[in-house]
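Welcome to this set of exercises on reading a protein model. Keep the sequence and the 3D view open, try each task yourself, and then follow the solution step by step.

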Amino acid sequence: MTTERIFRVAAVQPPSFAGAEEHRNGAQACAFIQEAADAGATYVVFPEGYPGPYSGPLENDAISLVQECARARHVWVSAGRIERAPVPGTYYIAHLLIDDRGEIRATYRRVQPNHPIFNAYLMGGRRHVLPGDELMTVDTPFGRLGLLICSELFVPELARILMLRGADIIVAPGGGAHGPTRTRLAETWRAVARARAAENLVYVVVNQNLFSVSLRGRTCIASPEVMLAQRDDPGIALADIDLGRLREIRSHFYDEEILSAPERDEQIYLCRPGQSHDRRPELYGELTRPQPDAFVYHYERRGLDTWRDEYDKIKEPTNANGGSAGGEGPDRREPLEATVHR
């Protein structure tokens with residue numbers, strides 16, 4: 001497959017419709033595809049669950065409308081929806097990659113979905129979202145995409161695996177709150193996007209639904225070196241992705257060339273060259289060990305009514321050995337220097 005060296009990506013932050021009005025997202029999505037294509041975009045990214053169905057009726061043909069528009073304008077599109085899962089009353093959240101012929105090229109199911117209370121808040125009372133169990137990269141004419149959804153970008157292990165599978169761009173379409181809550185995460189989101197891009201030497205695309213235009217958005221497109229674009233209000237953020245530049249910064253450590261004085265601006269690097277190759281896998285075994293207070297995403301295997309146990313078990317702090325702060329084992333409240341783990 002021939003890969004374009006430079007291409008334009010459009011990250012859409014729509015004023016999204018929810019619930020009974022969600023069907024209106026289909027026509028709106030097509031208008032955004034038209035606008036992005038007119039601006040020269042090759043790839044259009046919509047948020048998590050957009051155009052749907054997500055919080056409204058499952059009888060929603062919005063995805064088929066997006067497929068038609070992608071085919072008509074010869075662009076690739078990331079779109080979102082929920083799907084029924086095998087257990088009655090459960091769902092998957094899907095990130096669909098649609099190619100420039102309007103075909104669904106890949107369906108990624110979120111492996112670390114939100115938890116039941118947040119799900120019900122976002123998705124019209126649908127509480128139980130089962131996790132997918134497969135990470136996914138997809139080859140396209142403009143590089144290899146690593147597919148995530150929303151806060152999965154906060155899990156560095158997921159992005160690292162996608163990098164190891166050759167991802168050039170990590171795409172994490174985001175959800176978005178319906179109104180003010182106790183979290184204000186726009187700057188945190190952008191910091192995480194920049195971090196994932198810099199530590200893995202990939203491009204990162206993030207966006208969200210704006211269910212309320214009074215809220216600040218978080219859409220951004222990050223390179224390993226700089227933030228290329230960001231947007232707070234409804235609309236499209238555009239950026240040009242340079243895969244040639246990516247190859248350059250991946251193909252050096254601090255060698256004689258990098259340590260010489262630059263003669264031109266393009267010879268200046270704003271990230272650590274070769275960072276994605278600096279690894280000590282033999283030291284990372286702890287990452288794969290069970291964590292006693294980790295959320296068990298497959299709680300449905302014990303029964304759907306056991307979800308509350310996952311919330312309750314983090315109320316009591318646990319120590320690194322699995323004991324409670326007040327029970328057996330070292331107390332986490334001891335001074336940090338008192339215990340050295342090797």
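Helices (H or I, at least four residues) and strands (E, at least two) are DSSP runs, numbered from the N terminus. This is a predicted model, in which local features need pLDDT of at least 70, side-chain atom pairs count only at pLDDT 80 or more, and totals for chains, interfaces and linings use all residues. Residues are numbered from 1 along each chain as its sequence is written, and side-chain values use heavy atoms, with hydrogens and water left out.

**Exercise 1. Place E310 in the model and find the partners of its side chain.**

Step 1. Start with the secondary structure: E310 lies in helix α7, which covers residues 307-312.

Step 2. Next, look at the cover. Buried means under 20% relative accessible area, exposed means over 50%, and partly exposed is in between (1.4 Å probe, protein chains only). E310 has a relative accessible area of 4%, so this residue is buried.

Step 3. Now search for polar contacts, which are pairs of N or O atoms within 3.5 Å; within protein, one must be able to donate a hydrogen and the other to accept it, and residues adjacent in sequence count only if both atoms are side-chain atoms. The side chain of E310 has such a contact of 2.9 Å with the side chain of R302, and another of 2.7 Å with the side chain of K313.

Step 4. Finish with contacts in general, meaning heavy atoms within 4.5 Å. Apart from neighbours within four places in sequence, E310 is in contact with A294, F295, V296, Y299 and R302.

**Exercise 2. Is T90 buried or exposed, and which residues does T90 touch?**

Step 1. Find T90 in strand β4, residues 90-98.

Step 2. The relative accessible area of T90 is 2%, so T90 is buried.

Step 3. Look at the T90 side chain: one of its polar atoms lies 2.5 Å from the backbone oxygen of V87.

Step 4. List the residues around T90. Not counting residues up to four places away in sequence, T90 touches E83, R84, A85, H128, L130 and L304.

**Exercise 3. Describe how helix α6 is covered and what its buried residues pack against.**

Step 1. Helix α6 spans residues 243-250, and six of its eight residues are buried, which leaves the helix mostly covered.

Step 2. The buried residues in α6 are L243, G244, R245, L246, I249 and R250.

Step 3. These buried residues pack against three strands: β8 (143-147), β10 (203-207) and β13 (235-242).

Step 4. Check the start of the helix. The N-terminal end of α6 is capped by D242, with a side-chain oxygen 3.0 Å from the backbone nitrogen of G244.

**Exercise 4. Compare the settings of H74 and L201, two non-glycine residues with positive phi.**

Step 1. Phi of H74 is near 55°, and L201 has a phi of about 55°.

Step 2. H74 is in the loop between α2 and β3 (76-84), whereas L201 is in the loop between α5 (186-200) and β10.

Step 3. With a relative accessible area of 58%, H74 is exposed; with 0%, L201 is buried.

**Exercise 5. Which peptide bonds in the loop between β2 and α2 are cis?**

Step 1. Look at P51, which is found in the loop between β2 (43-45) and α2 (62-73). The bond joining Y50 and P51 is cis, and omega is about 10°.

Step 2. Move on to P53, in the loop between β2 and α2. The peptide bond from G52 to P53 is cis, with omega near 10°.

**Exercise 6. Step back and describe the protein chain as a whole.**

Step 1. Count the elements: the chain has seven helices and 13 strands.

Step 2. The radius of gyration is 21 Å, close to the 20 Å that the globule rule gives for 342 residues, so the chain is as compact as a globular protein of that length. The radius is taken over C-alpha atoms, and the rule is 2.2 Å times the number of residues to the power 0.38.

Step 3. Ask about cover: buried residues make up 50% of the 342 residues.

Step 4. Finally, among the contacts with a separation of 6 or more, 66% are between residues 24 or more positions apart.
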